Amino acid sequence: MKAVVLAGGVDNRMASLLGEKPKTEVYLAGMRLIDRVVENLAELGLDEIIVVASSGLSAPPTHPSVSVRVVVQEAPGVSGAAVRGLAEVRGEVLLAYGDIVAEKDMYRGLLEAHESMGSNTTLVAVPVGHALETYSKLLLDEEGVVIDAGRAVGGSTYVFGGAMIGDSILLREAFGNPGAQGVFKSLIGSGGVKAYVWRGLWHDIDTPWDLLAASIGLLGRLRRSIISGEARISEQALIEGPVIIEDKARIDHGAVVRGPAYIGRGVLVGMGSFVREYTDAEEAVIIGSHSEVKRSIIQPRAYLGSYTYVTDSIIGYRVSLSPYVVTLNTPVRGEVPPRLSMIEARLRGVEKLGAIIGRDSRIGARSILSPGAVIKPGSRVKPGAMVAGRPPK
Amino acid sequence: MCGIIGIAGPEGSDVVPMLVQGLKRLEYRGYDSVGIAVVSDGRIVVRKGAGKIEEVARVKGFPELHGSVGVGHTRWATHGRPSDENAHPHLDCKGRIAVVHNGIIRNYSELRERLESKGHVFVSETDTEVIAHLVEDELRGPESFMEAFRRALARLEGSFAVALLYAAEPRRIFFARMESPLVLGLSSNANYLASDIPAFLDYTDRVIVLRDGEMGWITSSQVYIEDWRSGRSVEASGRLRKIPWTAEMAAKSGYPHFMLKEIYEQPAALRNSFRGLAGDKSLLKAAEIMASADRIFVAAAGTSFHAGLFFDHVLGRLAGRIAYTLVSSEYHRLEGVVGRGDVLLAISQSGETIDTLKAARLALSRGARVVALSNVIDSAIPRESSIAIYTRAGPEIGVAATKTFLTQVLALTMLAARMGVASGHLDEGDAKNIYQALFKASSLVRKTITATEGVVRELADWLAGKHSAYMLSRGIGVPLSMEAALKVKEIAYIHAEAYPAGESKHGPIALVEKEFPVFILSEPGLEEELEGNAAEMKARGAKVIVVSGTGRPSRHLDLQIRVPGAEDFMTPYTHIPPMQLLAYYTAVKLGYDPDKPRNLAKTVTVE
């Protein structure tokens, strides 16, 4: 069997962080979204993985144990990508969405379920509690047969998990229909869709806030520390696990890293800085001295000057924060995007919100970013600015 | 509870891997040590130790053992701590008799003293070892092993199911049953015995359930049963049953845990139970007996007790009667109370719960009639009762009762409706309407699971950080909230307490502080009162989560778990599944195994 992975194009909702780049280019815990999907599929014994990409893909994903081929998407949207990829395969195919953060076991379980349940099409269904906008809700009967699908399906807490196995001709026909509802209606009409319910780690990345949730989910799974022998950690630094510290990372004197956290390749954590739980600092990030970072994702090559304070935020690729930049993180009640307002966070009363800073932006010294502030890619914020928060929907 | 398995395979076969597999199937009964014994070259070889099956099998070298006849045992300590010495099988002095045992030998200390004075050397602290030495002591001269075994059994007091190997009769496994469960499994080339059917369901589905006072032996091709008190052989072929559960049904079939699988099996279990009971003459007969009773008592333990309390509520509604429901370990209270003209309803999923069995026996001995409700056909309590009705939930492996609760509630509602008709409180049309509603219980559960699993899964992340919670309701919801609290306690190890909501301000509210979890199971017609209780809790900073079928938003709640709307006697099917899922996901979040809660056993056969 072959797999088709939809690496996706540009998503407007992610443009505030990525600009013109496709969303599967974003890094989480050391890997692009697209690389993680390929990694998850690599050990299923597939003949080939075909990645359908738009022109913005920076480097084709590769894997030592399976052949990966990239084809370029022609028509727009999910349908365009799916139809393009499915044209490359015959017989049964595993179709996976590139913007899903999940575990290997989800894809393995789908494969086993498809083999044992004997339905035309098998797809992943995930129980989720928050009322997020999603590709499609699913209504299942007690045997796990999908009886209805679409955004407006009531009385259901299952959503489509972004992976399915079925006959390539049936799938191609289904994806010829507009919208998710059309696709699923066609599949249901063509003789039976069964759901494999996945209850493990699962995040659908549609907005930058989903990245925070996914990062917390991924790092929350860390049980022990993995520290590269090639990382340089000062004897005066304090590492409280679990953390991943990659090659050539440098933790300077007096810095404290408190897990769960990810410190990427070549990252510098400056003297006396405090890197707190759920920090994800990707390759070549610099955290200057005496800074504090918590529950934030910092994309590759970003620079946080000395004395910066960054929490509950997403810092884009090659962003530069001059010294003393502060993100505030206590939102005005009711202004948290519904996507970040998980039941758990709501009941705990810990809904917090920082800033989203788009790639290649430069923030002047002593600027203050209010909760929910969004700074477009390539912006220049003057020193001492006060940026108001306009939390995204 | 201890688990026994014995396999008599054909000459030249190797039953050791099957014994290990059978022991794994018995894991759900709870255990602290395991062991096996086989007859090999006319000698008995024992390997045993404290710990998990895989670990003991590896450390003690089970795979090096070979034999075509053998017994295995999972032990749950009662006499003597879990240790390698105390693990079963136990041997006599010469190592020619091996015994595995489930139950308690009450007169073991006097037997041990007597045997020790005769020179027998004991190596363990268990009551079981006494059996091996006792049989050895009785074994004299040329007479058969059965003679000695019979005499030994006559000296034992207590409850037991035993299986013995004897080196001089290497093809046979000897067995006896008194009060503790033991079943035989028959197949064309091998025979089996075990404490419970799943142990050998991989190999055969043809079963004979043994009765108290029965002993005998099996070989690979023969079965012999007799009643040791009368000495008469028993013709049991008429008792041979084909078990409709497949081994696949007893396995997890893709679910991460049995508990989740069994939660998902509830629609099917309810449908099967409804179909089975709708045309069941025993149900009508039981209803007539109960409707004509002077007084109605209910005895049950754990989850079955909550089903009993639920019955109490619907009985008032549907039949205008009141039942006295008591926890079955308190059966002494019936002494001097229950008598001729009364009926005791004994509810037990396994039909083997010792306290409930004792309550039933007491009622019978005082001239009352006993109606049994069980999920296991021909088990001890149904067998001893005047009449038995059965739920058809299939095997329940998870220690926490899930599908058996809802099927019990279904059966009891049907029983109450028939009692209503029998006593003239309802007419046939009313009963028909109730049956029609109950027919939909199955789809109601399915819709409820679909509508709540996602919400509950996230809610569990929050509850996992709490130490204590209240479950409040009114009316029929009270026993449901007790069941919800029990699930959270036994699976997630979080202290959860149920109260009638009106009672909560008489004390319990003192514990409520900021962020304290309060779950309210809303009941139709009682929403306003419950909202008042919610407001009291909320005013003290509690987080209030309401399970309700009405969409009316309230400012006194922090989260609504929205379930399909239903009449009050149907709310078990909408309110219980989310609470079962909540307990399940909270346990998983905390890293506990929901199928094997600590300190708990599935079938409690010890007082």
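This passage describes the chain dimensions, salt bridges, surface charge and one loop residue of a predicted two-chain model.

Because the model is predicted, local features need pLDDT of at least 70 and side-chain atom pairs count only at pLDDT 80 or more, whereas totals for chains, interfaces and linings use all residues. Residues are numbered from 1 along each chain as its sequence is written, chains are lettered from A and ligands numbered from 1 in the order in which they are written, and side-chain values use heavy atoms, with hydrogens and water left out.

Secondary structure was assigned from DSSP runs, numbered from the N terminus, with helices (H or I) of at least four residues and strands (E) of at least two. On this basis chain A has 8 helices and 37 strands. The radius of gyration of chain A, 21 Å, is close to the 21 Å that the globule rule gives for 393 residues, so chain A is as compact as a globular protein of that length. Here the radius is taken over C-alpha atoms, and the rule is 2.2 Å times the number of residues to the power 0.38. The C-alpha trace of chain A spans about 60 × 45 × 35 Å along its principal axes. Of its 393 residues, 56% are buried, where buried means under 20% relative accessible area, exposed over 50%, and partly exposed in between (1.4 Å probe, protein chains only).

Chain B contains 18 helices and 24 strands. Its radius of gyration is 25 Å, close to the 25 Å expected from the globule rule for 607 residues, so chain B is likewise as compact as a globular protein of its length. A box of roughly 80 × 50 × 45 Å, taken along the principal axes, is filled by the C-alpha atoms of chain B. Buried residues account for 62% of the 607 residues of this chain.

Side chains of opposite charge can pair when their charged atoms come close. With a salt bridge defined as a side-chain nitrogen of Lys or Arg within 4 Å of a carboxyl oxygen of Asp or Glu, the count over all chains is 53. In chain B, Lys261(B) is bridged to Glu265(B), with the closest N and O atoms 2.9 Å apart; Lys261(B) is buried, at a relative accessible area of 3%. A salt bridge also links Lys596(B) to Asp593(B), at 3.8 Å from N to O. Both of these partners are partly exposed, Lys596(B) at 31% relative accessibility and Asp593(B) at 30%. In chain A, salt bridges with shared partners join Lys2(A), Glu48(A), Arg69(A), Glu74(A), Arg84(A) and Glu88(A) into one network. Within it, Glu88(A) and Arg84(A) have their closest N and O atoms 2.8 Å apart, and Glu88(A) is partly exposed at 25% relative accessibility.

A surface patch of negative charge gathers Glu92(A), Asp105(A), Glu112(A) and Glu115(A). Patches comprise residues with over 30% relative accessible area and no salt bridge, like charges being joined within 9 Å. Helix α4 of chain A (residues 104–117) supplies the largest share of the patch, 3 residues. Asp105(A) lies in this helix and is partly exposed, with a relative accessible area of 47%.

In chain B, Gly213(B) occupies the loop between β11 (206–209) and β12 (214–218). Gly213(B) is buried, at 0% relative accessibility. Its C-alpha atom lies 10.0 Å from that of Ala154(B), the two residues being 59 apart in sequence.

Definitions and conventions:
Patch = residues over 30% accessible without salt bridge, like charges linked within 9 Å, V, L, I, M, F, W, Y side chains within 5 Å. Areas by Shrake-Rupley, 256 points an atom, 1.4 Å probe, with all protein chains shown as cover. Lys, Arg positive; Asp, Glu negative; His and termini not counted. Charge placed at Lys NZ, Arg CZ, Asp CG, Glu CD.
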